[in-house]
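New to this one? Take a look at the model below, and then we can walk through it piece by piece.

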Amino acid sequence: MSFKTTKEVIEDGDRVILYLSPSNMHSLEVKAKRSNKKGEIIDNMFHTTYGAVRVVSLIGQKYGSKVELSRGWAYVLQPTPELWTLTLPHRTQIIYSPDSSLIIHLMELRPGSIIIETEFKKHGLNTFVTLKERDVCLEGFGEELKHKIDAVFLDLPHPWLAIEHATVALKQTGDFFSYVYLLRVKNFSLVVCEYFLKTRILKSA
């Protein structure tokens, strides 16, 4: 899936947005078959509050078309960053455009800055960035990035597990940022402050 290019007709394997209302949208992959909970291969039917649609019937339809469900209608749209964000499961905090603008400002990012940004799930941005899939809480960010990073930004359920790895990747003047749930902010802030104070003291010594 790419946000950089557009197309007119839905093809097998495309990722599409099934739009029922502003508060009722679904992301699905267009394929004829899928496996059920028993591991059996069955026809791919997608169920909504307005009935079901045979996913294979979307192939050949134009993006933006009105498609018939068993008990109503929906529109089938090509994903955009905004629509993709709205259909993601909110396991971590969703970062919207105003948040991104503030984060970029606070991180003092500029052309040529090298940034690590981690997410709990892939968000379809591999056409814009270098994408690597790994457990950064256990494995870190890679020896090749040691002390080469201007800023680290974490969007993880348990960001405190990656703090030590972040200090290894950051330059001496690098910045550390994390999006965390409000209930966890106080304890997480204490962990970050304590760890970075110790790290700075050791580096200074």
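What follows is a short tour, from the whole chain down to single residues.

First, some ground rules: this is a predicted model, where local features need pLDDT of at least 70 and side-chain atom pairs count only at pLDDT 80 or more, while totals for chains, interfaces and linings use all residues. Residues are numbered from 1 along each chain as its sequence is written, and side-chain values use heavy atoms, with hydrogens and water left out.

**The whole protein**

You'll find 5 helices and 11 strands here; both are DSSP runs numbered from the N terminus, helices being H or I with at least four residues and strands E with at least two. The protein has 205 residues, and 31% of them count as buried. Buried means under 20% relative accessible area, exposed means over 50%, and partly exposed is in between (1.4 Å probe, protein chains only).

About 13,400 Å² of the protein is exposed, with carbon and sulfur atoms supplying 56% of that area. Such areas come from the Shrake-Rupley method with a 1.4 Å probe, and for residues only the protein chains shown count as cover. As for contacts (heavy atoms within 4.5 Å), take those between residues at least 6 apart in sequence: 55% of them join residues at least 24 apart.

**An open sheet**

Now for the strands. Strands of a sheet pair through backbone hydrogen bonds, either parallel or antiparallel. In this protein, 4 strands make an open sheet in the order β2-β1-β8-β7, with antiparallel pairing. At the edges sit β2 (24–29) and β7 (66–69), each pairing on one side only. From one strand to the next, the twist averages 35°; axes are lines fitted to C-alpha atoms, for helices over the stretch in contact, and angles run from 0 to 180 degrees between N-to-C directions.

Two strands count as paired if DSSP finds at least two bridges between them. Here are the pairings, each with one of its residue pairs:

| Strands | Bridges | Residues opposite each other |
|---|---|---|
| β1 and β2 | 6 bridges | Ile17 and Ser27 |
| β1 and β8 | 3 bridges | Tyr19 and Tyr75 |
| β7 and β8 | 4 bridges | Glu68 and Trp73 |

A hairpin links β1 to β2 through 2 residues. Strands β7 and β8 form a hairpin too, with 2 residues between them.

Which side chains of β7 are buried, and which are not? Val67 and Leu69 point to one face and are buried, whereas Lys66 and Glu68 point to the other face and are not. Lys66 also has its charged end over the ring of Trp73, 5.0 Å from the ring centre. That label applies if NZ of Lys or CZ of Arg is within 6 Å of the ring centre and within 35 degrees of the ring normal.

**Two unusual backbone angles**

Most residues other than glycine have a negative phi, and most peptide bonds are trans. Glu108 is not a glycine, yet its phi is positive, about 55°. Look for Glu108 in the loop between α2 (97–106) and β9 (115–119). Glu108 is exposed, with a relative accessible area of 52%.

His147 has a positive phi as well, near 55°. Where is His147? His147 lies in the loop between α3 (136–139) and β10 (149–155). His147 is partly exposed, its relative accessible area being 41%.
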